Amino acid sequence: MESLVELRDVSVTFKMGGLRKRTQVHALSDLSLCLFEHEILAVVGESGCGKSTLGRVVLGLIRPTSGEVLYMDENIWKMKWKRSQRSHSTGQIVHQDSYAALNPMRTVYQTLSAPLIHYGVRRGKSKEEVCNLLKFVGVMPPGYFLNKYPHHLSGGQRQRIVFARSIIPKPKFIVADEPVSMIDASLRLSILDLMMKLNDEMSIAFLYITHDLATARYIARRGRIAVIYLGRIIEMGKLDDVFQRPLHPYFQALLTAAPIPDPRLARKKKVLPLKSMELPSAENLPSGCSFHPRCSYAEEICTTERPILKKESGDHWVACHKVGRIPSWNHI
Ligand SMILES: Nc1ncnc2c1ncn2[C@@H]1O[C@H](COP(=O)(O)OP(=O)(O)OP(=O)(O)O)[C@@H](O)[C@H]1O
Ligand SMILES: [Mg+2]
């Protein structure tokens, strides 16, 4: 598979604290990652671990403090302006808040026809094309919705319109940043199914950002998952491998914390002990392995040396000094 976007040793540091800018927030640290053509890559992690920053770096919206961002093997931050503008349109973003993403003063027709005309559809054909697009994303019957405003639509319908708009430039990839977290649980799967349809039928790759393991597992079941902890990838690989044989104590803890609907299984479930429930601050990262203050298996080396992401088997990568020396964890 061809790589669409590649991050090489990317770090992003935000300087805070007014004019003196004394405080530094390390949102991403030496992170390397590839998004391949046509794949679905789920990025999971706790709030504040750097997921949205990663999404914005992938889209070229944030310039990394250090490291490289390559679009099809070319460094986007070294391209000529016009070329980089064209490269930028190969990626689109969909956020969690569809209400904020749509102009409340514009009807569905106005929202979708303007970009269609911009990308070459004739004015006379625009109504037909908007209807086709609405059908494709499952807003039916299209004629009924053409003159509706965002406040007339449900959250799920609004998010479908946002996806419809995002596919007009025929992007090669979409960064979907928590796209279903504001949607009613009963409708979440249908929006995830829409993303899988766009992946299947239009070959659009997805970087699916979430803190929710269940939706990551659903959408990336044929794809990959990257688990982030304090701005670093700690485990990555084919989704099935990573879920069936979680190797990093942090990911094992995340899995044991996920609720199980069956009460009998839930009673049997063991919970992996963490030394602390608190996520350390990104302003003051722990030395060595960032997870060591919370890890029950941490030993001397973990407090001094940062573990690098190493291949354990096949396409399964993990960054932990103690991998292979901690009990395997059956999370059911
Ligand atoms: N523009 C900014 N200026 C200063 N700090 C920022 C900025 N954007 C993000 N940060 C900080 O960088 C860290 C990572 O933020 P980010 O939004 O990427 O996390 P996240 O994983 O997306 O969190 P959430 O799940 O809550 O959306 C946080 O500590 C955040 O406060
Ligand atoms: Mg975020």
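A residue counts as exposed if 12 or fewer other C-beta atoms lie within 10 Å of its own, and as buried if there are 20 or more. Asn-147 has 11 C-beta neighbours inside 10 Å, so Asn-147 is exposed. The model is a predicted one. Asn-147 sits in the loop that runs between α6 (142–145) and α7 (155–167). Beyond its neighbours up to four places away in sequence, Asn-147 touches Thr-107 and Tyr-109. Tyr-109 is 38 residues away along the chain, yet the C-alpha atoms of Asn-147 and Tyr-109 are separated by 6.2 Å.

Now take the chain as a whole. The domain assignment divides the protein chain in two: domain 1 covers 3–90 + 171–318, and domain 2 covers 105–169. Taken over C-alpha atoms, the centres of domain 1 and domain 2 are 31 Å apart. The two meet through 13 residues of domain 1 and 10 residues of domain 2. On the domain 1 side, helix α8 (residues 185–202) supplies the largest share, six residues. That side of domain 1 is made up of 10 nonpolar, two polar and one charged residues.

Next comes the interior. In soluble globular proteins, nonpolar side chains tend to be buried together. Here the largest nonpolar core has 82 residues. The members that touch the most others are Ala-42, Val-43, Phe-206, Leu-207, Tyr-208, Ile-225 and Val-227. At least three residues of this core come from each of domain 1 and domain 2.

Strand β3 (residues 40–44) supplies Ala-42 and Val-43. Is β3 mostly covered or mostly open? Five of its five residues are buried, so by the cut-off of 20 or more C-beta atoms within 10 Å the strand is mostly covered. Ile-40, Ala-42 and Val-44 point one way from β3. Leu-41 and Val-43 point the other way, and these too are buried.

Which strands pair with β3? One is β8 (residues 205–210), which pairs with β3 in the parallel sense over five bridges. Ala-42 stands opposite Tyr-208 of β8. Another is β9 (residues 224–229), which runs parallel to β3 and is joined to it by four bridges. There, Val-44 stands opposite Val-227. Ile-225 also ties into this region. Leaving aside neighbours within four places in sequence, Ile-225 is in contact with Ala-42 and Val-44. Its other contacts are Ala-216, Ala-220, Met-236, Leu-239 and Val-242.

A further sheet is open and has four strands. Its order is β2-β1-β4-β5, and the pairing is antiparallel. The edges are β2 and β5 (74–75), each of which pairs on one side only. β1 and β2 run antiparallel and are joined by 10 bridges. One bridge matches Phe-14 with Val-25 in β2.

Phe-14 leads on to ligand 1. How many residues surround this ligand? The shell has 14, and the closest are Phe-14, Ala-27, Ser-47, Ser-52 and Thr-53. Three elements give two or more residues to the shell: β1 (3–16), β2 (23–36) and α1 (51–58). Of these, α1 gives the most, with three residues. By class, the shell divides into six nonpolar, seven polar and one charged residues. Strands β1 and β2 thus appear twice in this account: they pair in the open sheet, and they give residues to the shell around ligand 1.

Note on methods
Residues numbered from 1 in each chain as written. Chains lettered and ligands numbered in written order. Predicted model: local features only at pLDDT ≥ 70, side-chain atom pairs only at ≥ 80, totals over all residues. Near = placed C-beta within 6 Å. Nonpolar A, V, L, I, M, F, W, Y, C, P; charged D, E, K, R; others polar. Pairing = 2+ DSSP bridges. Domains from an automatic or database assignment. Contact = placed C-beta atoms within 7 Å. Core = buried A, V, L, I, M, F, W, Y, C linked by C-beta atoms within 7 Å.
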